[in-house]
Amino acid sequence: MVATILELTYNLALLVALSVLSGFIRQRRSHPAWGAILQGLLFGGAAVIGMMKPLVLGPGLIFDGRSVMLSLCGLFFGPVAVGVAGVIALLYRTLLGGTGFHMGGLVIASSALLGLGFHHLWLRRGQSLTAGRLWRLGLLVHVVMILLMFTLPAGTGLVVIKRLGLPILLAYPLVTVLIGKVLASQEAGMRSVAALKESEAKHRLLIENSHDIIYTLTPEGVFTFVSPAWTALLGHPINQVVGQPFEPFLHRDDVALCQAWLQKVIETGERQEGVEYRVQHLDGSWRWHTSSAVPTRNEKGSVTGFEGTARDITERKAAEEALHEKNAELERYFSSSLDLLCIADAGGHFIRLNPEWEKALGYSLQDLEGRSFLELVHPEDMEGTLAAMSKLGAQEQVLSFENRYRCKDGSYRWIEWRSQPQGNLVYAAARDITERKQAEDALRSSENRFKTMFNEAPLGIALIDSCTGHIHAVNPVFAHIAGRSTEEMADINWIDITHPDDVQEDLDNMARMNAGEIPGFQMRKRYLHPDGEAVWIHMTIAPVRVEAHAAPRHLCMIMDITERNRTDEALRESEQKYRALFDGAGDAIFIHNAERMLAVNPLACERLGYTQPELLAMPPSAVDTPEQSQYVPERTASLLAQGHLTFETEHQRKNGSRVPTEAISRMITWEGHPAIMSICRDITERKQAQDALDAESAALTSVIDNNPLSIQVLDREGRTLKTNRAHTTLFGATPPPDYSVFSDPLVEAQGLSALWEKLRVGEVVFFPEFHYNAHDLLPEFPDVPVWVRMVGFSILGKDGQPERNVLMHEDVTQQRLAEQALRESEAQFRSYVDHAPIGVFVCDEKGRYLQVNPAATTITGYASEELLALSIPDTLPPESVAFAANAFKDVTETGRTSAEFAFRRKNGQIGMWALEGVRLSPTRFMGLVTDITERKKAEEELTHSKEALMRQNAVLSALLKSIPIGVFMVEAPSGKPLVANEMACELLGRGILPNVSKENLSEVYSSYKMDTQDRYPLEEMPIIRGMNGEASHVDDMMVERPDGTQALLEVFGSPVTDDQGRVWASVVSFLDITERKVAEQALGESEQKYRTLIDHLSAGIVVHGPDTGILLSNGMASTLLGLTAEQMQGKTAMDPRWCFLEEDGSAMPLSEYPVNRVFASGEGFQSQVVGIRHPERAELTWVLCNAYPVRDAKGWVVQAVITFTDITDRRRAEEALRLTRFSIENASDSMYWVTPDGRILDVNETGCRSLGYSRTELLALTVPELDVYLDAGDWPGHFAELRQLGSMTFESEQRHRDGRLIPVEVVENYLKFGEEEWNCAIIRDITDRKQAEEALHLSEQKFRTLFENLTEGVALHELVRDVAGKILDYRLLDVNPAYQHHTGLEALTAPGRLGTEIYETEVPPFLEEFSQVALGGEPYAFETFFPPLDKHFRISVISPKPGQFATVFEDITDRKRREEELKQKNAEMERFTYMISHDLKSPLVTVRTFLGYLEQDLEQGKAERVVKDMGFIRDATGKMGRLLEDLLEVSRVGRVVNPLVRVTLADLIQEALAAVAVAISTRGVAIQVEVPLVTFLGDRPRLEELWQNLVENAVKYMGDQPCPRIELGVEGTGADTVFFVRDNGQGIDPRFQDKVFGLFEQLDTASEGTGLGLALVKRIVELYEGRIWLESEGLGQGTCFRFTLPLALKVTPKNRKEGARP
Amino acid sequence: MTGEPFLILLVEDDPAHAEIVRRNLEDSRVANRLVHVSDGQEALDYLFHQGAYTDSEKFPRPGMVLLDLRLPKVDGLEVLKRAKADPSLSSIPIVILTTSATESDMARAYECQANSYLVKPVDLANFTAMMEAFGFYWLAWNKYPY
């Protein structure tokens, strides 16, 4: 039996192994049909192999696993496979033959058919292959097989059934299940792979339908593939793109960029992103794209091309542009807002301010911007401001903060702030609330004032309840008067402190007041102090209503009048005393009112001679004399006004005599009525004295007034009391009474204030002369400056102190002016001397230099200081000293001298100077020296040559005879002729005649003045002048010869001197110039005329001689050519840089110079433009050059005349004009010159071109005809508006010649030249701009739509920084609707929130990665798990602008989950194959090998080893059995699902314990169960298994624990409930704790398990979405398994419907 | 060879297989000594002189390790890796003796520098032939650096 089972097992194990191969085939199958055939071949082969190693019961009677193989083949792989397998098996079985042949064939057929039948029954209907079903199949197949055994020959059948029936029925269904499960599991695995493949395919489809273009390029940049998105985005059909290089599609400017970018891709070998470029759409428009690419490589690693994606970012670009404009708009708002707006940085500097700040603070914006605003904050507000700033730094708003800023004028303004931090910047709107603040301050101080008044008032004030009489509030004075402290006064009743006698009156008054009869009242009453003393008070009561509904109250104000009452008493007493005084006073006293006397004292009666009754009966005015009484009303009025009056009057006695009286009147109260008290004193004597004084004073005044000196009388304080006429004349006005000379700033400015002090103490003070203009001090004075000399003295009063100060002024203005004129003249003179070219010095009588001028130092070579240390002899050589002494003597005596003598320069050279000496004073001399060294040298040379001439005298006299000039010499001074040569005789017609003297020379030789009949005047005759030592020359002497002929002579006369220089003779030489003179005269007149003309010509003229030397040139030529006359004549060198230029500006070759041209060609030329470059002139001079030759009689060119006309200005203007015209014609804008009536006067080429007209056509039109929006009727108004504004800019449309409308921008400028007005309009075609705007608008809409409809989530963020600029967070700016779909977060409320806020994290997710991109890093994409949302995302990050980034993302959680599941499945699969190859094969090895040993044992008779070896075999087969069972169990979990039932934890544990009861009791384990009522909904057998396995495990690994114990329990509630199974067994080494849940993991080789128990537990826990973990301190420390089962506890509809399968 | 018995460390969790190996080695008459440990951890303990095997005289360095792959506690591959990573042990030839003929197992073993890979034959005759060949090759012919 055992052997049979072993054989069968072996057979079947082989089949199991083969079935693995089947899985391999299924994975590799290329076509389903081929797969089926291959499977058929495999299974057929397996059946054959099985038959090769069968269980042979007898000849031809073999049993094997073919039934299993064929049935499963049919079940899993369908008809084709099973057909193939069946045929193979049948063939082989037929080949084997034997008794079982029939049965074998039938078994093959039945197994195949049954498998196929169930294939249709289960698999075709999609039902899962549970172990139960497989077992049923196995059982059925083998029952049929057993039944078929009856077909065996009789006898054999029964034997076989007996022998094999049971093993077959036991083992074969089991094997069917095992292999079936392996195959089913492979099937399931493959289905996942297929799902994944499908997902990949879908993904690929998505990529192909992506909006992004996907392309591949050859390394040369030729497209090899582009995705359909190209056509969608750019319009080109794909076949027009593929095979083309990319460059032609790109914008010319971007090609280089893209090439460089591709180069970079190759160089780095990595993905490069973010290149942006323009691509042309099929319709010609340009689109912005961004692209990323990676290089593709072949196996050798060389680049075979690129793969890339491109995205249309045209909208983004446009959006950026739009954003830019938005910013500009904001900018405009910023600068025009009336609030104070500002942007500041975190460091406290103003960055931007709007112009309102200038108004508010008075600084210019330039002053403020960049400045730290803390500098301006009021020191008291500094702390608060810093606090607000740190708040802003923490990115909090500050909404109403107030502080003070210093204005430019130093005052402070209150500013209220609303500040919003935005990253590193603070945006603030502020408002000047200074006025509000001031109002608040005023209110506060007013309140304070009232409080102070209440508390500090000298009155006692109390607030009293009018009904109850309780005192509510009192001030300290009130309490003081009441004799109590303020606290004691609280809530006291006024009645309690009032004297009982006064209470009733008070109450009566109160009643009247409360009844409204009186508004309030006053009364005198007494308060009682606590000590019983009564105080008199004066009380004022006024009602108050604090609030409308409150109880009536009244204000009680009291004054302590006890003292006053006491004073009254005292007064009364003293009245008596005063009355006595009144009566006995030394002055007359009248008390009266306007009408009558009220009282008089006895002295009054006595003085006036009346009795008292008489006086009292008189009207008060009656006591005055009639003259005085007229003043009474006036006096009364001023008395009433002032309260008192002192005046002088005259009283009349009863007897008529008069009494001069001084009266002091005063207003008094007399018996309760106002009255006047006049105290009158007899001043008769004083009056007399004063009269005398007045007379004296008048005399004095007259003296002062008529004094020619200005006199000013001052009081002690320097105020002017009096001035005289002279003073007024001097200063122009009288000083005002409040002006004090002591504080006169003008005098003070002259440093004279100390002198006032002297004057004040009584000294006589002489002031120095000073300059004074009273107008500077007081505008009422005329503006006349005066020079004043002043004397001041004091008049002493009785106390010996100065009482009056008198100032006397002398006007010295004229004197000073004269001096000043002199000084100015002196200064001028000095200036002349300083700059004179003559050396000037002043010396003293010893010859020492006292003053020298600069020229003197130049001549002597000494510096001025050096010269001043020397005397004249020091600067002379020894030989000159005598000369100098002579000259000095001369000047001392005569006052003047002139001399020439040698002097020595500082450098030792000897020079000559000419000296003019002048005596300034006996000890001062002035010398004027001229350096004549050069002249002297020349003179000396001349002298030398004269001597030489003398020596040649003899030679000369010989010559004399023969020369053709008349020479005539007379003796001086007689005039006697000495010599006359031949020619002289001939010319004169006479020789030397006797008796000729100098008186008759003219007569004798018949000399006449030319053209007259007069004798030639003797004194003018050269011969006479020669006798006087004078050389002369005349050419107008006519001589009449004795023969009557006449000759005109030119005569040269000169004296002849001897060695001493005395003239001893005079000689004349003469020649006949009669003919020449006649010609000359004619020529001279003409020449003069032309010279004048030429010199004043505006053209330059130069006449060249044949050698090209200049014969003549005029001033203008010199000016134009920039050459001096000397330079032109070649006398002075010219700068070599000077040259002529051709018209085009190039240098003119010398041969082309006008003069050379004329001489070379012999021809003149006209109007050649020539430039002159002059080295000293900045600009070129341009001249128009004419040249002509002058020929002599023979036709030779002897002169060249060149004229130059200055055309520089003209040329410059021409150039400017040409340039302007060029730029206008070629301007890109049209330009029109329009007249006020709208006609087009001129238009440029662009204007004609843009409207399609010729210029002529356009000039015939008017502006309204061209401008669509401008009617002819509106034109005058339009022009008037332009005239007023000067310039206007607007948009309009122009009509093209072909009728098209062209949008234009017009800038009109009003111009006025003289009387003419123009509208110069510049018109720009803005079609492109308009189109661009339109496109932008459309694009923006498109972009928005795209953004809104994008299936990927898009979120735009900006970075948020702290004050220090550190990036803290980011803020969402915008999200699209898909955002909500992918994140599950509300899309509407997301914008504006911070990353930390929205994702509820400490640190914003991916801050570092995002900020890198936002700060200009490469955009990149990544996939990640995002814990805050518990989702997987694929995120692309890009930065649309610095500081911002956008994320484009997609929730890929589902995909990730599927991938994860697949990974787990694969891992499980791998473990499974591992197990098959090891654990399942291992017992086979054991069994087979020990079977071999058994054979040996039997052969060798080693009986003792037989038992041992069989034991090995038994253990191996046992282990294999357990393995198969556990495998079955594991595969059942999650696949075999029992109906869901409710079960309590207690029941489960009970059953688990029951199942393990034997082991528990064997080991003697104490079980402790403490569980609450927990109800599960789940697969009951699985849950039981869970606890059973854990308890079993605990028992199994109890180790050698003497008191084994197991605890089962529960912790927590609800879905978080944790169950535990704890033991105190051997524990688990921490190193292997993570292995215990692994499939087939077994830590203890000695134990019986298969290593599947805990794996099973884990699977069950995971089925219920739970978690299991273990806690063990280590070996010997016991173990605690804890786990959760959320799904089993969650009794939800979902659970109920779908069961425990997740 | 120093003349001392050549020590083989057999790491095998299955006592039956250990017995087969032991018998074969005994029969092949090649002078040797066999020490048998039954899990990966024990093998490591022996090789690194730790745990129960600290006494290095009593448990001398093996001249060769016969290692099964599938082992409790510490996997055979792990033992192989650790032994080969240790400079003092890396020169010891480690021969894998396992039931698995899976390609991936073989590949991994060789990746971890296994010196040889033997698959346990499924019948005695082959097992004996293999162990004989193994004995001759490794124990008679092969030369060792120690």
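Here is a short talk about a predicted model, with a student asking how its labels are earned.

Reader: How do you know that A:Asp1509 and B:Arg23 meet in a salt bridge?

Author: Good place to start! The term asks for a side-chain nitrogen of Lys or Arg within 4 Å of a carboxyl oxygen of Asp or Glu. Between A:Asp1509 and B:Arg23 the N to O distance is 2.5 Å, so the pair fits the cut-off of 4 Å. Chain A and chain B have two salt bridges between them, and there are also six residue pairs in polar contact, both residues being at pLDDT 80 or more.

Reader: Which elements of chain A give two or more residues to the side that touches chain B?

Author: They are helix H51 (1453-1480), helix H52 (1482-1500) and helix H53 (1503-1532). H52(A) supplies the largest share, ten residues. By class, that side of chain A holds ten nonpolar, nine polar and ten charged residues.

Reader: What makes chain A and chain B count as being in contact, and how many residues are involved?

Author: Contact means heavy atoms within 4.5 Å. By that test, 29 residues of chain A are in contact with 32 residues of chain B. The area buried between the two chains is about 2,600 Å², and carbon and sulfur atoms give 52% of it.

Reader: Let's turn to the sheets. Why are S51 and S52 of chain A said to stand at the edges?

Author: Look at the strand order of this open sheet of five strands: S51-S50-S54-S53-S52, with antiparallel pairing. Strand S51 (1367-1375) and strand S52 (1420-1426) each have a single partner strand, so one side of each is left without a neighbour in the sheet. From one strand to the next, the twist averages 30 degrees.

Reader: How do you know that S50 and S54 of chain A are paired?

Author: Two strands pair if there are at least two bridges between them. Strand S50 (residues 1353-1361) and strand S54 (residues 1444-1451) are joined by six bridges and run antiparallel, so they pass the test of at least two. One example you can look up is A:Ala1355, whose bridge partner in S54(A) is A:Thr1447.

Reader: Which helices pack on that sheet?

Author: Helix H50 (residues 1407-1414) of chain A does, touching S50, S51, S52, strand S53 (1431-1438) and S54, with its direction at about 70 degrees to that of S51(A). H51(A) packs there as well, touching S52, S53 and S54 of chain A, and its direction makes about 125 degrees with that of S53(A).

Reader: What makes A:Glu1423 and A:Arg1455 a salt bridge, and which parts does the pair tie together?

Author: Their closest N and O atoms are 3.1 Å apart, so this pair is also within 4 Å. A:Glu1423 lies in strand S52 and A:Arg1455 in helix H51, so the pair ties together parts that are 32 residues apart in sequence. Over all chains, the whole structure has 60 salt bridges.

Reader: And what makes A:Ser1118 and A:Leu1123 a polar contact?

Author: A polar atom of the A:Ser1118 side chain lies 2.5 Å from the backbone oxygen of A:Leu1123. The cut-off is 3.5 Å, so the distance qualifies. A:Ser1118 sits in helix H39 (residues 1115-1121) of chain A. Not counting residues up to four places away in sequence, A:Ser1118 touches A:Leu1123, A:Thr1124, A:Ala1125 and A:Met1128.

Notes. Residues numbered from 1 in each chain as written. Chains lettered and ligands numbered in written order. Heavy atoms only, no water. Buried area = accessible area lost by both parts, 1.4 Å probe. Polar contact = N/O pair within 3.5 Å; in protein donor to acceptor, adjacent residues only side chain to side chain. Helix = DSSP H or I, 4+ residues; strand = E, 2+ residues; numbered from the N terminus. Nonpolar A, V, L, I, M, F, W, Y, C, P; charged D, E, K, R; others polar. Axes fitted to C-alpha atoms, helices over the stretch in contact; angles between N-to-C directions.
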